[in-house]
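Me: Could you take a close look at the aromatic residues in this model and at the packing around them? I'd like the cut-offs spelled out along the way.

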Amino acid sequence: MPFWTRRTWMTLAALGGFVAVAVGAFAAHGVTDPMAQEWLRTGATYGFMHTMATFACATFINVGGRRARHAPAYFLSGVVLFSGSLYAMAAGAPRWLGMITPLGGLLFLVGWAILAWAAADIDRD
């Protein structure tokens, strides 16, 4: 059985949503450094947005956009790299880790491009 099943990526997206809400709350109530707060908020915002996009992939598939099954791997990997690097820097990791952040952003873009590609198959007569 392949790793990237719908059950796997929806479970990972749900856990990602949980982490995004927890980190956002921590940024609002548990951190005083303004830069760390901003990194945490940005990571949580993008993380949550892309966990929701992962759930949207199921809808794409259900209405005929089968290619959408490829997007969650990019969205969730992007969350790990983009949001994870920001979370790590907020926690005191070296700033060079910020060089990883754009790679996560690139993965987000690939995921959205895949959804646009998948949309081409919806409502085809």
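Reply: Here is a walk through the aromatic pairs, then the core and the first helix. This is a predicted model, where local features need pLDDT of at least 70, side-chain atom pairs count only at pLDDT 80 or more, and totals for chains, interfaces and linings use all residues. Residues are numbered from 1 along each chain as its sequence is written, and side-chain values use heavy atoms, with hydrogens and water left out.

Rings of Phe, Tyr and Trp (its six-membered ring) pair if their centres lie within 6.5 Å; planes under 30 degrees apart count as stacked, over 60 as edge-to-face and the rest as tilted. That rule gives four aromatic pairs. One of them, tyrosine 46 with phenylalanine 108, is stacked, at 6.3 Å centre to centre and 15° between the planes. Its partners sit 62 residues apart, tyrosine 46 in helix H2 and phenylalanine 108 in helix H4 (residues 101-119). Helices here are DSSP runs (H or I, at least four residues), numbered from the N terminus.

Tyrosine 46 is partly exposed because its relative accessibility is 34%, while phenylalanine 108 is buried at 4%. For those labels, buried means under 20% relative accessible area, exposed over 50%, and partly exposed in between (1.4 Å probe, protein chains only).

Phenylalanine 108 also pairs with phenylalanine 82, this time tilted: 5.5 Å centre to centre, 55° between the planes. Phenylalanine 82 lies in helix H3 and phenylalanine 108 in helix H4, so this pair ties together parts 26 residues apart in sequence. Both of these phenylalanines are buried. Put Tyr46, Phe82 and Phe108 together and you have one aromatic cluster.

Next, phenylalanine 75. Leaving aside residues up to four places away in sequence, phenylalanine 75 touches His50, Ala53, Thr54, Cys57, Phe108, Gly111, Trp112 and Leu115, contact meaning heavy atoms within 4.5 Å. Phe75 is also among the residues with the most contacts inside the largest nonpolar core, which has 13 residues; Trp9, Cys57 and Leu115 are others. H1, H2, H3 and H4 each supply at least two residues of that core, and H2 gives the largest share, four. A nonpolar core is a set of buried Ala, Val, Leu, Ile, Met, Phe, Trp, Tyr and Cys residues joined through side-chain atoms within 4.5 Å.

Finally, Trp9 belongs to H1, whose buried residues also include Ala13, Gly16 and Val23. Those buried H1 residues pack against helix H2 (34-62) and helix H3 (71-90).
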